[in-house]
Amino acid sequence: MNVLLIGGAGGLMNHLILKMKKEGHRVYLLTGSRLEETSYQKVFEKYNFSYESASLPEIFESIQPDLTIFAGACDTNFTWKKEETEAVRYMAALTNILMGYVSRGSGRFVYISSDEVYGGDYPEDITEQAPPSSQRMKGMILAQGEEMCESCQKSTGRDILILRLDHLYVIPRNRREIRDICSRMCLEALEQGHILVPENDSFSLLYVTDAVELIYRAAVSREHKRVLYNISSQTEISRMELAGMIQRAMGEDGTAVIPKEGEKRRAVLSQALYESEFGSSFFCEVSVIVEKTAAQMKKNSYLFLTEAQRKPPLLERMKEKGGSLLKTLLPFVENLIAFIPFFMLNNRAVGSGYFSSLDFYLLYVLLFAIVYGQQQAMLSVVLAVAGYCFRQMYDRSGFDVLIDTNTYAWIAQLFILGLTVGYMRDQILRLKEESEQEKDFLTLQLTDIQDINSSNVRVKDALETQIVNQSDSVGKIYSITSALEHYSPEEVLFYAAEMLGRLLKSRDVAIYTVSNKVYARLFSATSKKARMLGYSIQYTQMGELYETLAAGKVFINRKMDERYPLMASAICENDEMQMILMVWDIPWERMTLGQANQLVVISALIQNAVLRAGRYLAALEHQRYVDGTPLLGTDAFTALVQAYVKAQKRGLTECTLLKIESGVKDQKETALLIAGSLRQSDYVGTMPDGSLYVLLSNTNRENAQFVIKRFEGLGLRLCIAEEAKA
């Protein structure tokens, strides 16, 4: 079936995905965020939409999930650091999800709540009837979420289930997944070296794999009597015992357990109601999982501690800071060092006939403008001006140098060259970085397009397989129902029931034929459960079922009323009901509009086969009955008996063949006499031995005794014939 999981990445969500895929379901995922901070397990299709998105109804309509599970209290998209803000977000998200499910969705909706709805001390295990009592914002919001789901179930009649988990804990992969009491105590030991523990606090821990198994069992159950169930291991443990387990796993030398005073608090959920409906279960050993969690968090502490808490050694910190400082100062040092040879070259070139026209300071500024940009070009200009002025003061005074216009022209030349080349170099680098970023963005977009394309290919292949090979495709349905043409006219309705069960994957199917405008009689059924209404029913008194069938619609037992089948359809001719098809056992996830439409198609194909058989028998009526009497001829009656006996051996009907041993004066007159005391579904005829027989349909040997006694009053002696024993 199609399963839609809603929630952020984490231990619970990943285990749910693995469980659903293991059981053969097609898993869809609504992440609740545009940006994923952690990875999920692979699913058939993933939707990165926020819970407030207006696209949620379209997502439900597109998937048409048979089962929807909202992580709720365990959703990692809600951090609950700022509880007031998160409370508003949470209620808005739940409201939008429920509205999308009710307006466009299908199947069952499961809401995950938690023990946090309770606060205080409970000497006895907390049952589902206990009202929420939490004083914390998160607990109150989760309780409101439960009330919203219950109210939605009552007002809409949709299949909504609330599962309240008792102190769920997981083995976290990083700091973001630390949300339960066990991992928080381990983190406290890593950060502070000790654990502060209230002395009078006890609860029950539920490991994530156990929770997933119990969630799955309830979620896929055919029916549930209540809306709310507790899920708990009911293995009580105190905080002191839990802290002791963590201390042993982390090492007693590095971790201390410090008791502190606190109010007495006990909160253990009762799972009795859940076990009474869905059965009990075995749970993981708490001490083993807790010690494994503590040991793993200690080993990979760098994943759980902040940068400030992960204090490296002093030497490493000095190296890190020194390296950063050296990297910053290196261009300035290079600039100062490179200035010395250029200063010397410029001094030598002043008195040279070959190099006097060559400006080495200009080359120096140009070099650093090209290599490092504007910042180092400015430093080079300052150093070059200082060197130039220093060399000029060998022959002239400083005042002469300052009032010389050639000096300012030369300085302006250096500044213009350095700033221009440095600016161009910086712009080129900026353009290069932007192009790299655009390249990375387009590469990411290309990756997304490839993922979308591969997803579309998977969907296309799945739909092609569904259309070509699926057992409920129109081609498959027709190929199966067309096999009815190979049966004799007397056998068509018997095997129609068997065929209907095969197509709808149901073991309990019954076909009733309408006797008159009030009663319908059972013709064939595939099981004892399918016969539970009896051999004759007053179908006009069946309330909603009759009203739906009379309106030409398929009846779907959404209220799970045990008095009625799960699905039923009527076959009509000339606006009059001729037959009623009832399906008693069908998986709840298949009780959909698509399945109802499929039943209509199957009914129409069965009707065609039945009508052909009926027309054939009507055309041969003068050959089958003797001189217009209710007496069937030998060939026709023998074929009818063989059809009933064969169907009885396959469990499709019950019948009894009675032989009239004495009291027969004239077979035609006797047949007329007997027919007046029989039902429309019973038959009178002769067999090859020449004797007169009565075939009682849907009658066992015990009930046949009443018929035998009734005919004794008419002067006829009957006995059960061996041919009908099966």
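# Helix packing, salt bridges and a surface patch

Helix α1 (residues 11-22) and helix α6 (residues 208-219) have axes that come within 10 Å of each other and cross at roughly 50°. Angles from 35 to 65 degrees fall outside the parallel and perpendicular classes, and α1 and α6 are therefore oblique to each other. The crossing of α1 past α6 is right-handed. The model described here is predicted.

A second helix pair is formed by α3 (residues 83-104) and α4 (residues 137-156), which pack at an angle of about 15° with their axes 10 Å apart. Angles under 35 degrees count as roughly parallel, so this description applies to α3 and α4. Here too the handedness is defined: α3 passes α4 in a right-handed crossing.

**Salt bridges**

How many salt bridges does a search of the whole structure find? The search finds 19. Three of them are listed below with the distance between nitrogen and oxygen.

| Salt bridge | N to O distance | Separation in sequence |
|---|---|---|
| R164 and E146 | 2.7 Å | 18 residues |
| D585 and R222 | 3.0 Å | 363 residues |
| R507 and D585 | 3.1 Å | 78 residues |

In the pair R164 and E146, the side chains meet at 2.7 Å, N to O. R164 belongs to strand β6 (residues 160-165) and E146 to helix α4, so the salt bridge ties together a strand and a helix. Both R164 and E146 are buried. Helix α4, which carries E146, is also the helix that packs with α3.

D585 takes part in a salt bridge with R222 and in another with R507. Where does D585 lie? D585 lies in the loop between β20 (576-583) and α18 (593-619). R222 is in the loop between α6 and β11 (228-231), so its salt bridge with D585 ties together parts that are 363 residues apart in sequence. R507 is in the loop between α16 (492-504) and β15 (509-514), and the pair it forms with D585 therefore links parts 78 residues apart in sequence.

The accessibility of these three residues covers each of the classes. D585 counts as buried because its relative accessibility is 6%, and the cut-off for buried is under 20%. R222 has 40% relative accessibility and so counts as partly exposed. R507, with a relative accessible area of 61%, is exposed. Elsewhere, K19, E23 and E213 are joined into one network by salt bridges that share partners.

**Surface positions**

A nonpolar patch on the surface is formed by L325, L329, F332, V333 and I337, which together have about 430 Å² of accessible area. Within this patch, I337 is found in helix α10 (residues 314-350). Is I337 buried or exposed? I337 is exposed, because its relative accessible area is 53% and the cut-off for exposed is over 50%.

A272 is found in helix α8 (residues 272-278). With a relative accessibility of 47%, A272 counts as partly exposed. A272 and N230 are 42 residues apart in sequence, while their C-alpha atoms are 8.3 Å apart in space.

Definitions and conventions:
Residues numbered from 1 in each chain as written. Predicted model: local features only at pLDDT ≥ 70, side-chain atom pairs only at ≥ 80, totals over all residues. Heavy atoms only, no water. Patch = residues over 30% accessible without salt bridge, like charges linked within 9 Å, V, L, I, M, F, W, Y side chains within 5 Å. Areas by Shrake-Rupley, 256 points an atom, 1.4 Å probe, with all protein chains shown as cover. Salt bridge = Lys/Arg side-chain N within 4 Å of Asp/Glu carboxyl O. Helix = DSSP H or I, 4+ residues; strand = E, 2+ residues; numbered from the N terminus. Buried < 20%, exposed > 50% of the residue type's maximum accessible area, 1.4 Å probe, protein only. Axes fitted to C-alpha atoms, helices over the stretch in contact; angles between N-to-C directions. Parallel < 35°, antiparallel > 145°, perpendicular 65-115°, else oblique. Left-handed = near helix turned anticlockwise from the far one by under 90°.
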